[in-house]
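Me: I would like to understand how the labels given to residues and contacts are justified. Could you take me through some of them step by step?

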Amino acid sequence: MASLFVIQGSDQGTRFLLDESVHSIGRTQNNSVRLHDTEISRVHAELVLHGNNYVLRDLGSSNGTYVNGQPATERELVSGDQIQLGKSLMLYTGFVEESHEDLADKVDIVAQAAQNDESRIVAALRHSEGSDWLLPEASDSSSPWIARARSNLQIMYRTALAVSHTMDIDQLLARIMEMIFEWVEADRGCIMLKDSNTGSLVPKVRRHRRGIRSDEKITISKTILDYVVDHQEGVLTSDARDDKRWDPAKSIVKLGVREAICVPMQGRYNVVGVIYIDTSITPQRMLMNDGKANRFTEEHLRLMIAIAHQAALAVEDTSYYKAMVQAERLAAVGQTIASLSHHIKNILQGVRGGSYLIELGLGDHDGVAGLGDHDDEKAKKAVDTIRKGWGIVERNQQRISSLVMDMLTFSKERQPEPKPSDLNEVAGEVAEIMQARAGELGVELCWLPAEEMPILMFDPEAMNSAILNVVTNALDACEDVESGKVTVRAEYDPADKVARLTIEDNGAGIAPGDLESIFNVFVSHKGGRGTGLGLPVSQKILEEHGGQILVESELGRGSRFILEFPANPQAEIRQEPAQSRPTIASADIPAGDLSDLSSH
């Protein structure tokens, strides 16, 4: 599906999916692509599907529409085009044609022993050795052109490495400026980037040649900067006074700049900044240097333009990456808010229902107060109504408390607080607490403690939460099953030094396609009853104990969850989380339906 991704502007990080034949773009709510940009018209432009591509049409906007930096009234877009409306810059991604060609039949990898394979390795080089040829050699002294070419290649190679080794723009620009000063005799240098909101140039890196005071303020000619940005050309000036491009009243002449190179940081479509170096001289130095060769040449200018282009691409890539990360964060926040809002709304509806019954009971009780013993039956009925309402409120208070605790447990980076504990006792408490819930659902809950269970080092409170979440899921899975049964069994394996808790149910089981997602946050199959936090929380607790949760399930037969962690009778608990993901398998077992595999 085609899309527009905002990479610059107030809506940075927003992606608009293009799923209609016509999309309008503007700043009002009626537009399918709405941008919060005051420099965009109410209805600025439209996208019209034409074949497999969209055609962008400007609808008489005040500030115009630009594609890849060029004004456009109507233009068919191709994937990768950048659309500029006001201060908003969007990246267009077109339809991707799927290739159904099977390349396995077109490429043949033969074994070494094959008769037709007569190839042999005649040379091999490491990465570091492969780049050594870029370094000038003594034998090149007879050919200055070869030595100069190798030097230029070495500079571009080092620039490419600097660009590829960091996503930190400040580090990248500082390293590029260092390489420039190693290569050319400049007195001062500065790299400036365009501010995405104002369009003005903002200094990011500055540098002085050794021997010049580093605290000296760099004064850069606005004349040069304006020329480079407006014309998108790099400039080399050997003497500003004699350069016909500069007016005698311009700042470059007044500043006494004799030599300067300023190049645009030209990205894929726009200028993102400039690189500036110069040699500023006093009148005394100007007299001393008369007759000497210039430090800067056109070759320097060409290489500076190439370096600036590499830096600009890196700046753009980093900006796109940050925008995508922001988009993912916003999507995650939106998913979280939507999910929590839904569950909190349901809980509040339950609280309102209970409050209504309490108010109704209180009203009935007030109506019969003081009328004598013959109205005891009405008074009793009013009190029963109050108790029923309070029970509903109390249950919903527990639900919202569990929701908040699950959120805190999942989001908080914590270390277990191990203490000598009995796993039989912890799991037995969960089974005892859940007996009432099992009775309400008509499900048999069977608890089988281990015959031999030593005192282990683990966090009993955290482990209680992990077990409670899984047992709750198992009971809920058996709600609609005739003769539903949940079995909780504790085991201790002295050979493998593992403590294990198995929770089986005989519900409908888990569909194979759902097994991979049951530990994902906010994935729930309980409808409005589940938050999708229970299993992720349980898994996190087991991993904090160096353990894991194993899952076995067969659709229509049931499910088995195995909670296991290293048994440390005396040593402190391991702090490293388990490296492997939960093992998911299919087994022919009489277990239960986890139609919802997330707590509450």
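Me: Why is Lys-87 called partly exposed?
Reply: This is a predicted model, and in it Lys-87 has a relative accessibility of 36%. Buried means under 20% and exposed means over 50%, so Lys-87, at 36%, counts as partly exposed.

Me: What makes the contact of Lys-87 with Glu-39 a salt bridge?
Reply: The closest N and O atoms of Lys-87 and Glu-39 are 3.9 Å apart, and because the cut-off for a side-chain nitrogen of Lys and a carboxyl oxygen of Glu is within 4 Å, the pair counts as a salt bridge. Lys-87 sits in the loop between β10 and β11, whereas Glu-39 sits in the loop between β4 and β5, 48 residues apart.

Me: Why is Glu-504 called buried or exposed?
Reply: Glu-504 has a relative accessible area of 13%, and since buried means under 20%, Glu-504 is called buried. Its salt-bridge partner is Arg-489, with the closest N and O atoms 3.5 Å apart, and Arg-489, at 27% relative accessibility, counts as partly exposed. Salt bridges that share partners join Arg-489, Glu-504, Glu-552 and Arg-560 into one network.

Me: How do you know that the span of helix α11 agrees with its number of residues?
Reply: At 1.5 Å a residue, the 18 residues of α11 should span 26 Å, and the end C-alpha atoms are 26 Å apart, which agrees.

Me: What makes α11 mostly covered?
Reply: Of the 18 residues in α11, 15 are buried, where buried means under 20% relative accessible area.

Technical notes
Residues numbered from 1 in each chain as written. Predicted model: local features only at pLDDT ≥ 70, side-chain atom pairs only at ≥ 80, totals over all residues. Heavy atoms only, no water. Helix = DSSP H or I, 4+ residues; strand = E, 2+ residues; numbered from the N terminus. Expected span 1.5 Å × (residues − 1). Buried < 20%, exposed > 50% of the residue type's maximum accessible area, 1.4 Å probe, protein only.
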